[in-house]
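User: I am new to this protein and would like to go through its structure in short questions. Please keep the replies plain.

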Amino acid sequence: MIDLRKALLAILCCVSSVVNAGDTIKYCAPLDFPLLLSANFGELRPNHFHNGLDFKTKGTVGHPVRCIADGYVSRVAVQHGGYGQAIYITHPDGHTSVYGHVLSFAPEVEKYVREYQYANETFVCYLYPEPGRFKFKKGDIIALSGNEGSSAGPHLHLEIRKTGTDEYLDPMPYFRSKIKDTKAPKASFIGLYPVKGKGLVEGSTNKKIYPVASVKSPITAWGQIYAAISAKDYMDGTSNFYGVHSVTLYVDSVEVFNSKTDRVLPDENRMINTFTDYDELVRSRRLMMRSYKSPGNKLRLHHVGKDRGVVNIDSERDYKFVYVLEDNFGNKSKYRFTVRGKKQDIPEYCMKGEELLLSSRTAIIQRPGMEFIIPKGMLYDDTKVSVGITAEDTTAVSLEYDIDAGNTPLHGYCPLSIGVRKLNTVSPDKYYIRKIDGRRTYYVGGKYDNGWMKARVRSFGKYSVAVDTVPPSVIPLDKAKWRSTSNIRFKVSDKATGIASYKVYIDGKFVLFGLKKGILVIQDKDKVKRGVPHKLEVIVTDNCGNETRKQLNF
């Protein structure tokens, strides 16, 4: 006879195991001390959402980084910028965890990376070990925390991705029980935007942005408008601010817009430029989250009705707007304001510019000596563009083209071709396309092809062709201290096209150096014996192939 109590217990155990299998507490903490965040998932960044959690590491490096669950190393990346040094662990649950800016890897992984770097004489590497070669258990030390790559200070960047698609998932639910947060988000600005040619705010066709504290009396409007809000989140135990997890807008108690930043695909990242008011960001560095979904916006984190967040003010009455901001811990704040319908004539909208570009189709902009192709899907909204051509300097390699679409973002890279007016005596590989911003110029790149320089760009602006025949600058730093510290360093720079590659040989053998903020730094000091004279050669090449070789004895 079956013991009902045992059977019930067995069922409860099975249910419990199922719940635990999907429970968000199954991952262990990546660090050995209480978790504090310097950045959260979905935080608004230039051209992308922040795709993970940044854990503080007490302002120092070298802390053990723990594997959050059983898995194997599927990728190791070492680069100058970005995550610097990062290790990827693939787990059986369909997730891959990523640990960025680390100082070093677990010994067996570090050895594997170093062997590749020396065999191929390169610092930068992207390695994919065969599955199972490097296995780790939950809680094992996989790295030491650092400050590598494009990091402004010591911290651990942790991501959780969906294996196979690299979709970024918000890691916060997995660590919520280990983080304290009782503070609600706070808003600083409210914005109202008339739809071009279809609405007015305060009698104007221009957007209006108000400090939250000053939004008291009703704001008059007519026709089609949408709203925006600038806000930040806060947490206990730190003065940092964070991105707001969820933004919901209600008008007369009806939800017209909601965004919840809990997952982002790689191709969606740059769509942050249509979620936010890109023009306002460029002008004032202010991040306004728009409660409007433009035609080219494919972000899945946005939930809107058929009107895409647009509110039709078509009655002379008060419309009650309410923003609800919520963080990952259920802390909420509400911001209320009133829009009063005031009937008035809406002037016809005339877009400035020579050509209308439609977001729904490929556009080709052609001028003498220039062709710019904008594939379908690269624009979020229809926009007008004008092209100015400058040809004052008859010695210039090419004309200068000002492709002006205002502060309009592009979603991805678009082909740009500029004709070369006259070939100098230099090799074609010394030519490059540059972007001009006031007195500053930026290297774009490109290849020479039968009289044309061809490159891919992802912003409107001024472009021309230039020539770079000047090799990089290489300056030894603190050479007098090399003898006592073995801390061999060089300052390297290239004004025109930037550093493309470098190698350092000591006594004829390759020695690994890293590059951060223009400083070349030796990585393996044990490669240099003390008390022995050495011959060093450093070779630095820019993006047009100009090379500097410097030889030193020390």
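User: Which residue meets Asp-307 in a salt bridge?

Analyst: In this predicted model, the side chain of Asp-307 takes part in a salt bridge with an N to O distance of 3.6 Å. Asp-307 is partly exposed, at 43% relative accessible area. The partner counts as exposed, at 77% relative accessibility. That partner is Lys-306.

User: Which residues are joined into one network by salt bridges that share partners?

Analyst: The structure holds 26 salt bridges. Some of them share partners and form one network. Its members are Lys-207, Asp-277, Asp-279, Glu-280, Arg-283 and Arg-286.

User: How many residues apart in sequence are the parts that Lys-207 and Asp-277 tie together?

Analyst: The closest N and O atoms of Lys-207 and Asp-277 are 2.9 Å apart, and the two form a salt bridge. Lys-207 lies in the loop between strands S15 (186-201) and S16 (208-211), while Asp-277 lies in the loop between helices H4 (272-275) and H5 (278-284), so the pair ties together parts that are apart in sequence by 70 residues.

User: Is Asp-277 buried or exposed?

Analyst: Its salt-bridge partner, Lys-207, counts as partly exposed at 28% relative accessibility. Asp-277 has a relative accessible area of 7%. The cut-off for burial is under 20%, so Asp-277 is buried.

User: What is the N to O distance in the salt bridge of Arg-45 and Glu-43?

Analyst: Arg-45 counts as partly exposed, at 26% relative accessibility. Glu-43 counts as buried, at 11%. Their side chains meet in a salt bridge with an N to O distance of 3.3 Å.

User: Why does buried Lys-430 have no salt bridge, and which side chain of opposite charge is nearest?

Analyst: Lys-430 is found in the loop between strand S32 (409-419) and strand S33 (431-437). Beyond four places in sequence, its contacts include Ala-466, Asp-468, Cys-544 and Gly-545. A salt bridge needs the nitrogen within 4 Å of a carboxyl oxygen, and the nearest side chain of opposite charge is 4.4 Å away, so Lys-430 has none. That nearest side chain belongs to Asp-429.

User: Which residue in the hairpin of S44 and S45 takes a positive phi?

Analyst: Strand S44 (residues 535-542) and strand S45 (residues 547-553) run antiparallel and are joined by seven bridges. In one of these pairings, Ile-539 has Arg-549 in S45 as its bridge partner. Four residues lie between the strands of the hairpin, and the one with a positive phi, near 80 degrees, is Gly-545.

User: Which strands stand at the edges of the open sheet that holds S44?

Analyst: The sheet has four strands in the order S41-S40-S44-S45, with antiparallel pairing. Each edge strand has a single partner strand, so one side of each is left without a neighbour in the sheet; these strands are S41 (509-510) and S45.

User: Which residue in S41 does Tyr-505 stand opposite?

Analyst: Strand S40 (residues 499-506) and S41 run antiparallel, with two bridges between them. The residue in S41 opposite Tyr-505 is Phe-510.

User: With which side chain does the side chain of Asp-524 make a polar contact?

Analyst: Asp-524 is placed in the loop between strand S43 (519-522) and S44. Asp-524 is buried, at 12% relative accessible area. Among its contacts beyond four places in sequence are Arg-114, Val-511 and Leu-512. The polar contact, at 2.6 Å, is with the side chain of Tyr-118.

User: Over which residues does pLDDT stay under 50?

Analyst: The mean pLDDT of the protein is 93, and 95% of its residues reach 70 or more. For the stretch under 50, the model has eight contacts beyond four places in sequence. That stretch is residues 1-25.

Key: Residues numbered from 1 in each chain as written. Heavy atoms only, no water. Buried < 20%, exposed > 50% of the residue type's maximum accessible area, 1.4 Å probe, protein only. Lys, Arg positive; Asp, Glu negative; His and termini not counted. Contact = heavy atoms within 4.5 Å. pLDDT = per-residue confidence, 0-100. Pairing = 2+ DSSP bridges. Polar contact = N/O pair within 3.5 Å; in protein donor to acceptor, adjacent residues only side chain to side chain.
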